[in-house]
Amino acid sequence: MKSIFSLFLLLILGGYQLHAQASKLNLPIIDETNIFKEKNGIVAVEAEYFYKQTKTDTRSWYRVNKHETPDNVADQDPNHSTGASNNGYLEILPDTRVTHDDKLIHGENFSNEPGKLAIAHYRVKIDTPGRYYIWVRAYSTGGEDNGIHVGLNGTWPDSGQRMQWCDGKNEWTWASKQRTNEEHCGVPYKIYLDIDKAGIHDIQFSMREDGFEFDKFLLTNDKNFIPKDMGTRVVITWPEPSYYEAISTSVVENKTLPVADFPVKGTGYYKDAGGRWLAINPNQRKEASTTTDFNFKSDHYDVVFIGVGENDGQSTFTILVNNKELGSYSPALTQKMFAEGEKSNTVWENVYLKKGDKITVRSKIGSADGKEYARARWAGLIFAPVGKGKIVSAASGIPVANKAVAAPKINPPKGRIAIVADGNSPDPDDLGGTAVSISLLKASGLADRLVHYSHSCDLERVERISERAERERHALMQTASDVTARRWGGFDDLTFFDAKWQQKETVTDLAKAINASTANDPLWIIEAGEPDIIGLALDASSKSKHKHVKVVTHHSANDDAGDFYTWQQILDYGVEEVRIPDQNVNLKVNLEKWDWAKNHPDPRVQWVWLQGKIAEVDDVVKFQKGKWDCSDAGMVLYWITGATNGGLKTGGVEDVKKLLLDYIEMN
């Protein structure tokens, strides 16, 4: 039985925690990396999704929801979260002017001048510049809580001042009217922002009257649009690359199992945040479990679990290997709605894993108050070399990307290049990778240095892909190779081999390229698929030439996926390993980042875009949805720009774009 003192202490601490929680209701629950994107001329944002507040010395915006009401600031209204979008809203507090008889104090409880008091900031991405009409959903109970100002990027135009509500009292009401001297209840069509440039903009709302209750806003370029009910759905856009992708490159030898590699159907999980996390819907279940294979080299690893901290509770994650528990972990409770970083990760050091082991992640949702539940979000596992797990766990998550202003410098190493790609079973991403690799070599003036290209190097079909779909993939890869080479030109003397269907010819051709290697003319083999063809060609070539062969790799999934050769067996031939970071981080991106190619007038560029789009609509695998992926071409970009002598280890779409479009402009 607990002592009276213990119970008293629990009550005191419980009260302290509730008060502390209330005192944080004016802090943001998302940050500046989360933006809201205009699509087809409209964008909607929840009021509580501000990323920062400014000028809060006198008044501040406070979050209110069905379980939380600020209890340490003056507010004479009850909780109005019922009927609010997302069950929450913002209110400017303290509220000291409720009726017209209450004293009006300029610069304290009233500001007819915008941008002076309690500014909430929102990041919005506009792709279609123009005039945007502003609608706000508000709750007004009287005549002294029904005004607000809206601004853009630190400016407060006349067209954003004195938004006013008169109709729809005591209920959530949409309005877009401006108060004038002639019409105190507001004139329609006068509240708007002229946004003349595409890009990310800061939309700001500042106080006019305290006690203002703010549920949601939207921007529309349709003057006649009128929102209904809770309005347009709010969609948060996430930064690229993801935190998981970024820290996965913190140690180049890392092997990765992101959530995309775990099954979802029938597990109790759903894909959250565009697929970057798995999560549990607390309205449906409290636990979930998913299992996948460990397909990497048998060895000792530091196992790094990448979780997500949440503000509704601490979920528990249990990791099992072959149904034997490795350990459990609960990420720290956060102020933000979700937060990634070292406090949400954990490491199990020096764990022996065998290829083929079953890796299971079980999750149980948690709650901070017994009312709202966290969703047990997690991003994946990383298998780091022993002794480096803590380095991975503590990595900043900020990728080193090349934001080139001019085209990258073309500075290839001496020697020739050979590319061995898969693309047949089951991954379609090599369609985009092939088109980009071939076009990059041509655009860089290095087409004559490509002495071997083979595709479909996965020699054993897996069950995930049918025989018919397999044949389709071979045909698509052959087309991507032959048509890209013909349209860009410069490859007339090169045969593009189907490694599986022309295995003998492929091995003979690659072995010939190996046998031509010298110290002054080495062969750089780009490993863009399983290593078996490379192993067969090394076995068929002269041992004395192997020391002049360099194999470039970027992802351990290729190294450890061979049906006949392990990665170590490849290295045992005496070739040089050239390992660079995972190229998925900057080259597997949201589809719209390739709109420049889709909309380009040159058919060569359009063709390159089409290959990545075909992969995106693939009906065998789902992890390409919404993504344009040319990750394997990152190794070619690395070689073109210098390889081991300063090559771009983390090149991105802008680098590819610059090289291709500069060439197109000249040719």
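In what order do the strands of the 4-stranded open sheet come? That is the topic of the first view below; every view is taken from a predicted model.

**View A. An open sheet built from 4 strands.** The order is E20-E27-E23-E24, with antiparallel pairing. At the edges sit strand E20 (287-293) and strand E24 (324-329), each of which pairs on one side only. Going from one strand to the next, the twist averages 20°. For a look at one pairing, take strand E23 (residues 316-321) and strand E27 (residues 358-364): they run antiparallel to each other and share 6 bridges. Thr316 has its bridge partner in E27, namely Lys364.

**View B. Asp215, a buried acid in strand E15.** Asp215 belongs to strand E15, which covers residues 213-220. Its relative accessibility is 0%, so Asp215 counts as buried. The Asp215 side chain does have a polar partner: it reaches the backbone nitrogen of Ser85 at 3.0 Å. Setting aside neighbours within four places in sequence, the contacts of Asp215 include Glu46, Glu48, Arg137 and Trp172.

**View C. Phe214 and the largest nonpolar core.** This core holds 62 residues, and Tyr122, Val136, Phe205 and Phe214 are the ones with the most contacts inside it. Strand E7 (residues 130-139) supplies the largest share, 5 residues. Zoom in on Phe214 and, neighbours within four places in sequence aside, you find it in contact with Trp61, Leu90, Tyr122, Val136, Ile148 and Phe205, among others. A second core, separate from this one, has 51 residues, including Ile526, Val589, Trp639 and Ile640.

**View D. Helix H12, capped and packed.** H12 spans residues 603-616, and its 14 residues reach 20 Å from first C-alpha to last, close to the 20 Å expected at 1.5 Å a residue. Asp602 caps the N-terminal end, placing a side-chain oxygen 2.8 Å from the backbone nitrogen of Arg604. The buried residues of H12 include nonpolar-looking names such as Val605, Trp607 and Trp609, but also Arg604, Gln611 and Glu616. What do the buried residues of H12 pack against? The partners are helix H4 (430-443), helix H5 (467-488), helix H11 (595-598), strand E36 (627-629) and H14.

**View E. Helix H14, one of the packing partners of H12.** H14 covers residues 653-666, with 14 residues and a reach of 20 Å between its first and last C-alpha, close to the 20 Å expected. Buried positions in H14 include Val653, Val656, Leu660 and Ile664, and Asp655 is buried as well. In an α-helix, residues three or four places apart point the same way, because there are 3.6 residues a turn.

Methods:
Residues are numbered from 1 along each chain as its sequence is written. This is a predicted model: local features need pLDDT of at least 70, side-chain atom pairs count only at pLDDT 80 or more; totals for chains, interfaces and linings use all residues. Side-chain values use heavy atoms; hydrogens and water are left out. Helices (H or I, at least four residues) and strands (E, at least two) are DSSP runs, numbered from the N terminus. The expected span of a helix is 1.5 Å times one less than its number of residues. Buried means under 20% relative accessible area, exposed over 50%, partly exposed in between (1.4 Å probe, protein chains only). A polar contact is a pair of N or O atoms within 3.5 Å; within protein, one must be able to donate a hydrogen and the other to accept it, and residues adjacent in sequence count only if both atoms are side-chain atoms. Contact means heavy atoms within 4.5 Å. A nonpolar core is a set of buried Ala, Val, Leu, Ile, Met, Phe, Trp, Tyr and Cys residues joined through side-chain atoms within 4.5 Å. Two strands pair if DSSP finds at least two bridges between them. Axes are lines fitted to C-alpha atoms, for helices over the stretch in contact, and angles run from 0 to 180 degrees between N-to-C directions.
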